[in-house]
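User: I would like to learn how to read a structure like this one, feature by feature. Please give the general idea each time, then the case at hand.

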Amino acid sequence: MIAHKTPDKAFPVSWDQFHRDCRALSWRLNETGPFHAVVAITRGGLVPAAIVARELGVRVIDTVCIASYDHLHKSELKVLKGISDMTVKLGGGSGRNLLVVDDLVDTGATARVVRSMIPDAHFATVYAKPLGKPLVDTFITEVSQDTWIYFPWDLDLAFAPPLRDGAA
Ligand SMILES: O=P(O)(O)OC[C@H]1O[C@H](OP(=O)(O)OP(=O)(O)O)[C@H](O)[C@@H]1O
Ligand SMILES: [Mg+2]
């Protein structure tokens with residue numbers, strides 16, 4: 001397990017907000033494509049990839065399966081499944097006209113590994129933190145490095161105590 005400072009700030013994202021941000025990302029990507037295929041970085045990239053592919057009319061969707069975080073804790077990065085040969089061929093071997101989608105870039109470690117597989121692919125994320133930002137071609141919202149983004153699929157409705165009872 002790699003030592004990891006617990007982020008100071010929380011940025012919870014609702015389904016509505018996430019859908020809006022994915023649509024905004026699609027608008028931007030529509031000026032960049034067309035793309036032959038979308039490659040989703042699982043698991044977080046699956047949801048934005050579905051929305052972006054729907055908006056851009058792309059029907060070939062592949063996955064690259066990478067795991068590195070166990071909730072807030074970063075561990076060694078593991079590639080569990082690579083990009084399929086058929087998709088790599090569609091991208092001319094280097095990833096040209098392929099669109100890689102992930103929910104966010106944090107340290108950039110995941111993006112770096114995928115870039116090394118298909119260096120000419122267009123890399124898009126919904127959110128970006130400063131350390132990973134240089135590795136992304138298109139993103140929508142930047143948050144500070146000490147912020148943890150909570151995605152709607154990791155959240156549940158819960159009671160929020162009133163401010164005067166000590167809620168932050
Ligand atoms: O820029 P990095 O520091 O590499 O972090 C970003 C990656 O971390 C998260 O995935 P995670 O490995 O937690 O797996 P998950 O998508 O299955 O939640 C997130 O979805 C990105 O893929
Ligand atoms: Mg991920």
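User: Which residues does Gly44 touch, not counting residues up to four places away in sequence?

Analyst: Leaving out the sequence neighbours keeps the list to contacts made by the fold. This is a predicted model. In it, Gly44 touches Asp102, Asp103 and Trp153. Gly44 sits in the loop that links β2 (37-42) to α2 (46-56).

User: Is Gly44 buried or exposed?

Analyst: The cut-off for buried is under 20% relative accessible area. Gly44 has 15% relative accessibility, so Gly44 counts as buried.

User: Where does UniProt place the feature "binding site"?

Analyst: A record entry is best read next to the computed geometry. The UniProt entry, which is unreviewed, gives "binding site" at Arg43, Gly44, Asp102, Asp103, Leu104, Val105, Asp106, Thr107, Gly108, Ala109 and Thr110. From this set, Arg43, Gly44, Asp102, Asp103, Leu104, Val105, Asp106, Thr107, Gly108, Ala109 and Thr110 belong to the lining of the largest pocket.

User: What does Asp103 touch, and is Asp103 buried or exposed?

Analyst: Asp103 is in strand β5. With a relative accessible area of 9%, Asp103 is buried. Beyond four places in sequence, the contacts of Asp103 are Gly44, Gly45, Pro48, Thr125, Val126, Tyr127, Phe151 and Trp153.

User: With which residues is Leu104 in contact?

Analyst: In a regular strand the side chains alternate between the two faces of the sheet. Here, Leu104 is in β5 (residues 98-105). Outside the four places on either side in sequence, Leu104 is in contact with Thr125, Tyr127, Lys129, Ile149 and Phe151.

User: In which sense do β5 and β6 pair?

Analyst: Pairing is read from the bridges between two strands. β5 and β6 are parallel, with six bridges. One of the partners is easy to find: Leu99 is bridged to His122 in β6. Helix α4 (residues 109-117) completes a right-handed β-α-β unit with β5 and β6.

User: How many residues of β6 are buried?

Analyst: Strand β6 covers residues 122-128, and seven of its seven residues are buried. β6 also runs parallel to strand β7 (residues 141-142), joined by two bridges. Across that pair, Tyr127 is opposite Thr141 in β7.

User: What is the strand order of the sheet?

Analyst: The order lists the strands as they lie side by side, rather than as they follow in sequence. This open sheet has six strands in the order β4-β3-β2-β5-β6-β7, and the pairing is mixed. The edges are β4 (73-81) and β7; each has a single partner strand, so one side of each has no neighbour in the sheet. Elsewhere in the sheet, β2 and β3 pair in the parallel sense over five bridges. Val38 has Ile61 in β3 as its bridge partner.

User: Which residues of α2 are buried, and what do they pack against?

Analyst: An α-helix has 3.6 residues a turn, so residues three or four places apart point the same way. In α2, the buried residues are Pro48, Ala49, Ile51, Val52, Ala53 and Leu56. These pack against α1 (15-30), β2, β3 (61-70), β5 and β6. Just past the end of α2, Gly57 has a positive phi of about 70°.

User: What does Ser26 touch on α2's side of the fold, and is Ser26 buried or exposed?

Analyst: Ser26 belongs to helix α1. Its relative accessible area is 4%, so Ser26 is buried. Away from its own stretch of sequence, Ser26 touches Ile51, Val52, Glu55 and Leu56.

User: Which residues touch the most other members of the largest nonpolar core?

Analyst: In soluble globular proteins, nonpolar side chains tend to be buried together. The largest nonpolar core here has 23 residues, and those touching the most other members are Phe18, Leu25, Leu29, Val38, Leu56, Leu99 and Tyr127. α1, β2, α2, β5 and β6 each give two or more residues to this core. The largest share, five residues, is from α2. Another core lies apart from this one, with 18 residues, among them Ala37, Val64, Val100 and Leu135.

User: With which residues is Leu29 in contact?

Analyst: Setting aside neighbours within four places in sequence, Leu29 is in contact with Phe35, Val52, Leu56, Leu99, His122, Ala124 and Thr138.

Technical notes:
Residues numbered from 1 in each chain as written. Chains lettered and ligands numbered in written order. Predicted model: local features only at pLDDT ≥ 70, side-chain atom pairs only at ≥ 80, totals over all residues. Heavy atoms only, no water. UniProt positions renumbered as here; feature names shortened; annotations may be inferred. 1 Å grid on protein atoms, 1.4 Å probe; cavity = no way out; pocket = protein on both sides within 12 Å on 5 of 7 lines; lining within 4 Å. Helix = DSSP H or I, 4+ residues; strand = E, 2+ residues; numbered from the N terminus. Buried < 20%, exposed > 50% of the residue type's maximum accessible area, 1.4 Å probe, protein only. Contact = heavy atoms within 4.5 Å. Pairing = 2+ DSSP bridges. Right-handed = clockwise from strand over helix to strand, strands pointing away. Core = buried A, V, L, I, M, F, W, Y, C linked by side-chain atoms within 4.5 Å.
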